[in-house]
Amino acid sequence: MSKTFEQIKQEIEQEFIGGRYDGITATEEILTEIVGQSVDFYDTCIDDGADGEDTYVMKDCFVSKDDSVVVRIYYGNVTEEIGYVSVDNH
């Protein structure tokens, strides 16, 4: 049974938001399982400044093999706590 985009989006958000970022390889593996096809890392950057323990909000970007799902994970550079996940359907 194939998942809808909304089901994929909801699973990704539930899996990551509020958790700790475990790095590129672990994230690719989890996303690949949820999406049902290979998902690869393609970019990282500082997205914004932050207050408190974190100095910056980092953004790591991933895309599915067929370019249909793009995931951006936003997390603190010190705490590595994931505060937001953007999931887009292309």
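These are my notes on the cysteines and helix α2 of this structure, which is a predicted model.

**Cysteines**

I began with a search of the whole structure for disulfides, and it returned zero. I then looked at cysteine 45, which is in no disulfide; its nearest cysteine sulfur belongs to cysteine 61, 5.9 Å away. Why do I leave cysteine 61 without a bond to cysteine 45? The 5.9 Å between the sulfur of cysteine 61 and that of cysteine 45 is too far for a bond, since I count a disulfide only when the sulfurs lie within 2.5 Å.

I also checked how accessible each one is. Cysteine 45 has 26% relative accessibility, so I put it down as partly exposed. Cysteine 61 is buried, with a relative accessible area of 3%.

**Helix α2**

Next I turned to helix α2, residues 24–35. I wanted to know whether its length fits its 12 residues: at 1.5 Å a residue they should span 16 Å, and the end C-alpha atoms are 16 Å apart, which agrees.

Which residues of α2 are buried? I listed Thr27, Glu28, Leu31, Ile34 and Val35. Viewed down the helix axis, these buried residues fall within an arc of 130°, so they line one face of α2. That made me recall the general pattern: with 3.6 residues a turn, residues three or four places apart in an α-helix point the same way.

I followed that buried set outward and found that it packs against α1 (5–16), β1 (39–49), β2 (56–64) and β3 (69–76). On the other side of α2, I noted Thr25, Glu29 and Glu33 as exposed.

Last, I looked just past the helix: glycine 36 follows α2, and its phi is positive, near 90°.

Notes. Residues are numbered from 1 along each chain as its sequence is written. This is a predicted model: local features need pLDDT of at least 70, side-chain atom pairs count only at pLDDT 80 or more; totals for chains, interfaces and linings use all residues. Side-chain values use heavy atoms; hydrogens and water are left out. Buried means under 20% relative accessible area, exposed over 50%, partly exposed in between (1.4 Å probe, protein chains only). Helices (H or I, at least four residues) and strands (E, at least two) are DSSP runs, numbered from the N terminus. The expected span of a helix is 1.5 Å times one less than its number of residues. The arc is that of the directions from the helix axis to the C-beta atoms. Contact means heavy atoms within 4.5 Å.
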